[in-house]
Amino acid sequence: MRSITQALIVGTVCLFSTQVFAQGTPGQTRTPDASAQQLRRDLETMKEQMRQMQDKIRQQEEAIEKLSTPAAPPVPTPVPAPPAARDREQLKQEVREEVLRDIQPQLAAASKTFPSQFNPAIGLVIDNVFSYRDHDRANFDFRTAELGIAASIDPFARGYALISGSPDGLEVEEAALVTTSLPYNLTVKGGRFFADFGRLAHFHDDALPVVNRPIVLDRFIGGESRANGIEVNYILPIEQYVALTAGMYNKLGAENDRVSDTVPRGLGEFTYLGHAVTFINLSDDHSVDVGVSYAYTPKIKIDQRAERHLAGIDITYRYLPLSQAGYRGLVWGTELLFNNEKRPIGGFPTDPTVPPPTDFRRRDAFGLYSYLEARLSRRVYPGFLFDYAQDIDRAVGATKAYSPYLTFWPSEFHRLRLQYTYLDAPDTHENQFFLQWTAILGSHIHGFRDR
Amino acid sequence: MKRFVLVSLSVMLLLLACHTGADAKIRVVATIPDLADMARNIGGDLLEIKSLATGIEDIHAVPMKPSFVALLNRADILLLMGLEVEHAFLPGLFEVARNPKIQRDTPGYIDCSVYVTPLEVPTRIDRALGDQHPRGNPHINLDPVYGKAMARAVTDGLARNYPEHEATFKKNLATYLQTLDAAIARWQHEAAPLRGVKFISYHPDLIYFAERFGMESVGTIELRPGVDPTPGHIVALEERMRREGIKLVVRERHYPAGLAETIAQRTGAKLVELPVMVGGVPEARDYVSFIDYNIRTMLKGVQGG
């Protein structure tokens, strides 16, 4: 290759030389200085041309060199390492980014509703009863539409409220704050709530196992154990479940009209409560809950400022075969109440123009209810309730009632109940029929207290 | 009266002293025996483990016993299967257990579904569709591969709370996973005849099991999850079974026997009864024997053994 190049250079130089000599011949007529200068210029031109030629030759040499070299093996394209060999963290990061890319639109949509995400859980209970009584005849009773809301307030407390709409108007059944992080197993509840007296007294009407609240609870407590006040609850730090409650309230009982909820009072006119409950596990399938309650009011204004004692004991036996707990079982619930207070001889006058009574006497009264309910399937729960309640004034005899009932659950949130009651009261004997239709919409938690 | 008050106060102080006393072992409460068994394998003697359910219950209807409150009140760790499967009892118990260590979103609250990709995640939440689980079907423990994921979640949760024992937990996990891996390989081989088999069950408990072993769940006796069937639903289900040649009815053992037996009888299908948790039958002593029992029983049903 090199020899070809040299030959080309020599040939080129010869050609140029010939040309130089050919040009020199006609110039022999010029003067010698002018010829020398001309010759010098030509020489410079030739040198320049030579340089250009050499450059060209070099470029051609490079091109030939490139073409004559055998083809190099193709550069291997980098093959991606198998995922197993990849850096684990990088892979995780990639997956994370991929997922984030996918869910970004949903996140964006969700963030638009962010302010509402702190809204409390909301549920509504609708309770209707068709009733027929021998004396009162028939009626469709819209009993309640009870709106329940609940949420955490902060790391230290939660709150809940149950607002009931009924033919009597709108009423706050409960609106309470409950601490969540007190030490030593303590919780404090304040506001309006169902006081921890007995068992069925703190069930809402729609959550009762029967259509109507047992007579003894209506008569001795005043319906639901609703109270404005404060409660402290303590669970003993032992393996045996024992819960203790102490409470202080304006009064006890939603329909207890003998004490005002709004008029300020002395400390002696509040109602004070103590409640203890425990649980005895007889076996995996059999258990008993036992509770004792005591409510003490040092002075009842309209009763000559006399004290009132209300005590109760509740026992609930459950047979729930664990493997069939959803559709088999038996519950027997009994509650006995004892009331002791001064009462006017002959009772309170119903006529407001009559002067208030002055002659009082201490009275004891006793009452109970007992019900037995079986679970025959997930849907069918038949039961029987027995009621017995003495008159608080002991002016008339006791009231008794016998109520067989059948509850049918289309689903966990939907219930139909048929109940017959034979009422045996001092002034009346009556057949009563009820058909209750209850449903829950929205949020619903299986509460521990409503077991 | 004064004496009574003094005695009461002394008892209370004694109880408070007991309450604050430290115990050597870590108190773990598991909602189901499957998790208790995994924790036993992973934590060994470091843990004192109690399970709320015994294994024979319907996980959606575990009776809320006050004795559970006492257990949860004293627990250091709560292991739960998650995906809201414990909705029937855990939220209610939380209301009264007053133990800040195991409340939701605390380190002591160990949700064992975190490494699982749920199936049947609803696209619409509506009670008309039954007792829905918004995050997907929660019966993950019937798939042994997800059993491994649950064991990993138990380990990570324990290590998060007790980093001083992390090495022990991880070492025990590795051993446990080896056991599970060997069993899974065997099960995959043994369960080959189950591949492609269609069945109906009482409740959608077996979705993950079916997915793992190639079976196909085509319907439930329940009208919707948690809702008992109507006569019309049973008629339609039986017609479908005849039409599609479905020859297997699975009754989870906590559901009533009568209806499942009747359906099997009327359609000429084989009835298989399965536990859904460790302890559901005496043979299911631990997680491995539980899955083992289910595969053997299912094979008997399919092969007519």
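The legends below describe close-up views of a predicted model.

Local features are given where pLDDT is at least 70 and side-chain atom pairs where it is 80 or more, whereas totals for chains, interfaces and linings use all residues. Residues are numbered from 1 along each chain as its sequence is written, with chains lettered from A and ligands numbered from 1 in the order in which they are written.

**View 1. Hairpins of chain A.** Strand 3 (residues 157–166) of chain A pairs with strand 4 (residues 169–179) of chain A in the antiparallel sense, over 10 bridges. Strands and helices are DSSP runs numbered from the N terminus (E, at least two residues, for strands; H or I, at least four, for helices), and two strands pair if DSSP finds at least two bridges between them. Within this pair, Ile163(A) stands opposite Val172(A) of strand 4 of chain A. The two strands form a hairpin with 2 residues between them. Strand 4 of chain A is also joined by 4 bridges to strand 5 (residues 186–194) of chain A, and these two run antiparallel. Here Val178(A) has Lys189(A) as its bridge partner. This second hairpin has 6 residues between its strands, and Tyr184(A) in the turn has a positive phi of about 55°.

**View 2. Parallel strands and a crossover in chain B.** Strand 1 (residues 26–30) of chain B and strand 2 (residues 47–51) of chain B run parallel and are joined by 5 bridges. Ala30(B) has Ser51(B) in strand 2 of chain B as its bridge partner. Between these strands the chain passes through helix 2 (residues 33–43) of chain B, giving a right-handed β-α-β crossover (with the strands pointing away from the viewer, the path from the first strand over the helix to the second runs clockwise). Strand 1 of chain B is also joined, by 3 bridges and in parallel, to strand 3 (residues 77–80) of chain B. In that pairing Val28(B) is matched with Ile77(B).

**View 3. Open sheet of chain B with helices 9 and 10.** In this open sheet, 4 strands of chain B lie in the order 6-5-7-8 with parallel pairing. Strand 6 (216–220) and strand 8 (270–274) of chain B are at the edges with a single partner strand each, so one side of each has no neighbour in the sheet. Neighbouring strands are turned by 30° against each other on average, direction ignored. Strand 5 (residues 198–201) and strand 7 (residues 248–252) of chain B are joined by 2 bridges, and Ile200(B) stands opposite Val249(B). Helix 9 (residues 257–267) of chain B packs on the sheet, touching strand 7 and strand 8 of chain B, and its direction makes about 175° with that of strand 7 of chain B. Helix 10 of chain B touches strand 7 and strand 8 of chain B too, with about 175° between its direction and that of strand 8 of chain B. Axes are lines fitted to C-alpha atoms, for helices over the stretch in contact, and angles run from 0 to 180 degrees between N-to-C directions; residues are in contact if their C-beta atoms, placed from the backbone, lie within 7 Å.

**View 4. Helix 6 against helix 10 in chain B.** The axes of helix 6 (residues 166–190) and helix 10 (residues 287–303) of chain B come within 11 Å and cross at roughly 0°. The two helices are therefore roughly parallel (under 35 degrees; over 145 is roughly antiparallel, 65 to 115 roughly perpendicular and the rest oblique). Contact residues include Trp187(B) of helix 6 of chain B and Ile295(B) of helix 10 of chain B.

Conventions:
Contact = placed C-beta atoms within 7 Å.
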